[in-house]
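Here's a quick walk through this one, starting from a small local detail and working outwards. Have the structure open while you read.

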Amino acid sequence: MLTNKAADNIRILSAAMVEKAKSGHPGGAMGGADFVNILYSEFLNFDPKNPKWENRDRFFMDPGHMSPMLYSVLALTGKYTMEDLAQFRQWGSVTPGHPEVDMDRGVENTSGPLGQGHTMAVGAAIAERFLAARFGEWSAHKTYTFISDGGIQEEIAQGAGRIAGTLGLSNLIMFYDANNIQLSTKVEEVMVEDTAKKYEAWGWRVMDIAGNDADAIREALKEANVDCGKPTLIIGRTLMGKGARKADGSSFEDQVSTHGQPLTAAGADIKTTIENLGGDAENPFTIFPEVKEYYTKVLAEKSAFAAKKQEEQKEWEAANTELAAKFHKFYSGDAPEIDWAAIEQKADQATRGGSATVLSELAKQVENMIVSSADLSNSDKTDGFIKGGARNLTKGDFSGAFFQAGVAELTMAAICNGIALHGGIHVACGTFFVFSDYMKPAVRLSALMQVPVKYVWTHDAFRVGEDGPTHQPVEQEAQIRLMEKMQNHAHKMSLLALRPADVNEATVAWKMAMENTDTPTAMIFSRQNIKNVTSSYEDALQAERGAYIAQKCEGTPDIVLVASGSEVSTLIAGAELLKEKNVKCQIVSVISEGLFRQQDAAYQTEVLPTGVKRFGMTAGLPVTLEGLVGENGKVFGLSHFGYSAPAGRLDVEFGYTPENVVKEVTELLG
């Protein structure tokens, strides 16, 4: 049968890629070939001429180690050449070991650590429903995703499954490649749960099929495309290394060893395997003529379908000109136009409150924005978005714009990555800064994929107080600041990290975040009130250069005081006392060191003059400011975990007082 011939072609290409690279994972790719072949040839709607067509179906890969399967099926659709496949895992190739987002070639997401890929698919499905609620069902499309045994086991799958079921994402169809094999063991050695019952309990429709049977796959996908108000899980019982053979022709299928190494290294024979699958072992990088002809017809059908849908869109646009303009504006990815200067901040409040004020305005002015919180909206103050008029997204009603994620920080962040990847929507998510530890794998993927997710992290220091050391972020800022030092593949700062010094800087931080459409942005806000260090929004705009002189002295300063966040106001208070000792201080607010280091040398020298000692104060690890202060200065920071006590008492005990600024500076100046 031609269908099986195409699947065998995918198996040959997958095995050959790994064999040539002497590295990779052939077994799972060979087992999953039947599903992706049926999906791509018969169900997945896309435009061969325009891979970024807004209303295409999306396919999100979870097990990135099965990349040979994805590259092979995309090669059948004309997105990769045989040479591309032959260069698998090599320097400069377009076929890296794990898929990296490349929409021009049909790769919708970077497959990071297991579990994140299908969670991003949940985000894309949310985005599709959000946009369909605003533009109509003519724009509807499906989100398909592929998960392995390992992805099912990752803890993030709990959050993804719960949320998709709770929201009734009937546009989400997930294939579970249940081959009972993982890298080190058989699955039953580590998991005995009933996966079907688990997903049914979360509110999913579940099917259990023979995962290498083309007819069974086809019928399952037909049923999955019938809306039942639930997401669909298709459990496909597949065969690891399907088609693999020993030199004597006997089967080498269902082996743990074929999961993570070339077939030859695993104990199979690549020549016999390729011949068993109908290929030429001397020339494995070939698309069978009949398969090529078949996929040529498939692509013609895809083009015809896309053209029909796009014609429907043109008719809709002609009848709905204002909505049409909005549709294209949403998908442009451009920053929204906001009158930032008109946002009125209440002076001397916590920067999380300043963030809430901005969010309230964004809810009114940005129609294509989703904000989320991990069950902390009334504490991380993302509920400012709700107070501005945004309602919760709920099952059957996606006209709202606030996504209540529940207690699932990593899941929330990965979902937001998926929303951003889908396109058409600005997205932000919030929680306490200390819980950024749960989110960093997804934040790292945001940076790698260059998606502009906005991270809102509050309760930024030990001043969380009574909650104690488990909830007091000390080392977190240093970790996030490292991402400013990391370049992405576009040779840009991979993440913008902003810690504003007052509410006016908080407005500017949001401005910078919304205008940063190329990379993720982390905004780090205080729990406690902070006395204003700027006189106005216009004054705070200086922060757009990463650092600026918040308070200047006459003549050459005796010392430059450097900080971000709430410590800037502490330095200002300390400088008032230092005046009594005739010490002239220049005070610098550094919202982002990474951004500051991109400024011209003259500006950097103006802010941090050479030959003048510097004193830095940070509520986190001293390393956060050491690069700015230099070897001739000193950073007063916290190099230990916090303690449970009122914030004011901790300030005194830890030395975050104007009086201690005087003491430290006096000692530094000798």
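Gln450 sits in the loop that runs between helix H17 (436-449) and strand E9 (454-458). This is a predicted model, and in it Gln450 has a positive phi of about 60° although it isn't a glycine. Most residues other than glycine have a negative phi, so that's worth a look on screen. With a relative accessible area of 28%, Gln450 counts as partly exposed, because that class covers values from 20% up to 50%.

Lys381 tells a similar story. Its phi is near 65°, again a positive value in a residue other than glycine. You'll find Lys381 in the loop between strand E6 (369-373) and helix H15 (383-387), and at 24% relative accessibility Lys381 is partly exposed too.

Here are the two residues side by side:

| Residue | Phi | Relative accessible area |
|---|---|---|
| Lys381 | near 65° | 24% |
| Gln450 | about 60° | 28% |

Now for a helix. How far apart are the end C-alpha atoms of H21 (residues 567-579)? They are 18 Å apart, and since 13 residues at 1.5 Å a residue should span 18 Å, the two values agree.

Much of the interest in H21 is in what it hides. Glu567, Val568, Ser569, Thr570, Leu571 and Ile572 are buried, and so are Gly574, Ala575 and Leu578. What covers these buried residues of H21? The cover includes four strands, E12 (547-551), E13 (559-563), E14 (585-590) and E15 (613-617), along with helix H26 (658-669).

Zooming out, the protein has 26 helices and 16 strands. Its radius of gyration is 28 Å, close to the 26 Å that the globule rule gives for 670 residues, so the protein is as compact as a globular protein of that length. Along the principal axes, the C-alpha trace spans about 90 × 60 × 45 Å.

How much of the chain is tucked away? Of the 670 residues, 62% count as buried. As for contacts with a separation of 6 or more, 77% of them come from residues 24 or more positions apart.

On the outside, the protein exposes about 24,900 Å², and carbon and sulfur atoms supply 50% of that area. Last up is charge: there are 64 positive and 87 negative side chains, and the centres of these two sets lie 1 Å apart.

Terms used. Residues numbered from 1 in each chain as written. Predicted model: local features only at pLDDT ≥ 70, side-chain atom pairs only at ≥ 80, totals over all residues. Heavy atoms only, no water. Helix = DSSP H or I, 4+ residues; strand = E, 2+ residues; numbered from the N terminus. Rg over C-alpha atoms; globule rule 2.2 N^0.38 Å. Buried < 20%, exposed > 50% of the residue type's maximum accessible area, 1.4 Å probe, protein only. Contact = heavy atoms within 4.5 Å. Areas by Shrake-Rupley, 256 points an atom, 1.4 Å probe, with all protein chains shown as cover. Lys, Arg positive; Asp, Glu negative; His and termini not counted. Charge placed at Lys NZ, Arg CZ, Asp CG, Glu CD. Expected span 1.5 Å × (residues − 1).
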